[in-house]
Amino acid sequence: MMKEYYESLMNTIPCDVCHGARLKDTVLSVKIGTLNIYELTCLSVGEIKEYINNLHLTTKNQFVADQIIKELNTRLQFLI
């Protein structure tokens, strides 16, 4: 009974800053390729794996990302 009462007082309005991502704008400003962490996690596991493997990185960024991408691929493959 109380639950219904309180739910009647609530409404769902996405935040103007995060648009429902529930993350700070500073976190959402970090991009992996063209996607932020929220947009990336909205993808399926297979789509994330494909996206990560098709990133176009500079030589310097590729050097830094190689181990991370390798580990991500291992974990994503396990989930698949």
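## Briefing on a predicted model

Helix H4 passes helix H5 in a left-handed crossing. The structure is a predicted model. In it, H4 and H5 pack with their axes 10 Å apart, and H5 also holds both partners of a salt bridge, arginine 75 and glutamate 71. Further topics are a nonpolar surface patch that includes Tyr6 and positive phi values at histidine 19 and arginine 22.

**Packing of H4 and H5**

- Two packed helices are described by the angle between their axes and the distance between the axes.
- Helix H4 spans residues 45-53 and helix H5 spans residues 59-79.
- The angle between the two is about 160 degrees, and the distance between their axes is 10 Å.
- Because angles over 145 degrees count as roughly antiparallel, H4 and H5 are roughly antiparallel to each other.
- The crossing of H4 past H5 is left-handed.

**Salt bridge in H5**

- Side chains of opposite charge can pair when their charged atoms come close.
- The model has 1 salt bridge by the rule applied.
- It joins the side chains of arginine 75 and glutamate 71, with an N to O distance of 2.7 Å.
- Both residues belong to helix H5 and are 4 residues apart, about one turn of the helix.
- Arginine 75 counts as exposed because its relative accessibility is 54%, the cut-off for exposed being over 50%.
- Glutamate 71, at 39% relative accessibility, counts as partly exposed.

**Nonpolar surface patch**

- Met2, Tyr5, Tyr6, Leu9 and Met10 make a nonpolar surface patch of about 600 Å².
- One of these residues, tyrosine 6, is found in helix H1, which covers residues 2-9.
- Tyrosine 6 has a relative accessible area of 46% and is therefore partly exposed, as this value lies between the 20% and 50% cut-offs.

**Positive phi in the loop between H1 and H2**

- Histidine 19 lies in the loop between H1 and helix H2, the latter comprising residues 25-28.
- Although histidine 19 is not a glycine, its phi is positive, at about 55 degrees.
- Histidine 19 has a relative accessibility of 59% and so counts as exposed.
- Arginine 22 is likewise placed in the loop between H1 and H2.
- The phi of arginine 22 is positive at about 60 degrees, although arginine 22 is not a glycine.
- With a relative accessible area of 79%, arginine 22 is exposed.

Technical notes
Residues are numbered from 1 along each chain as its sequence is written. This is a predicted model: local features need pLDDT of at least 70, side-chain atom pairs count only at pLDDT 80 or more; totals for chains, interfaces and linings use all residues. Side-chain values use heavy atoms; hydrogens and water are left out. Patches are made of residues with over 30% relative accessible area and no salt bridge: like charges are joined within 9 Å, nonpolar side chains (Val, Leu, Ile, Met, Phe, Trp, Tyr) within 5 Å. Accessible areas come from the Shrake-Rupley method with a 1.4 Å probe; for residues, only the protein chains shown count as cover. A salt bridge is a side-chain nitrogen of Lys or Arg within 4 Å of a carboxyl oxygen of Asp or Glu. Buried means under 20% relative accessible area, exposed over 50%, partly exposed in between (1.4 Å probe, protein chains only). Axes are lines fitted to C-alpha atoms, for helices over the stretch in contact, and angles run from 0 to 180 degrees between N-to-C directions. Angles under 35 degrees count as roughly parallel, over 145 as roughly antiparallel, 65 to 115 as roughly perpendicular and the rest as oblique. A crossing is left-handed if the near helix is turned anticlockwise from the far one by less than a right angle, and right-handed if clockwise.
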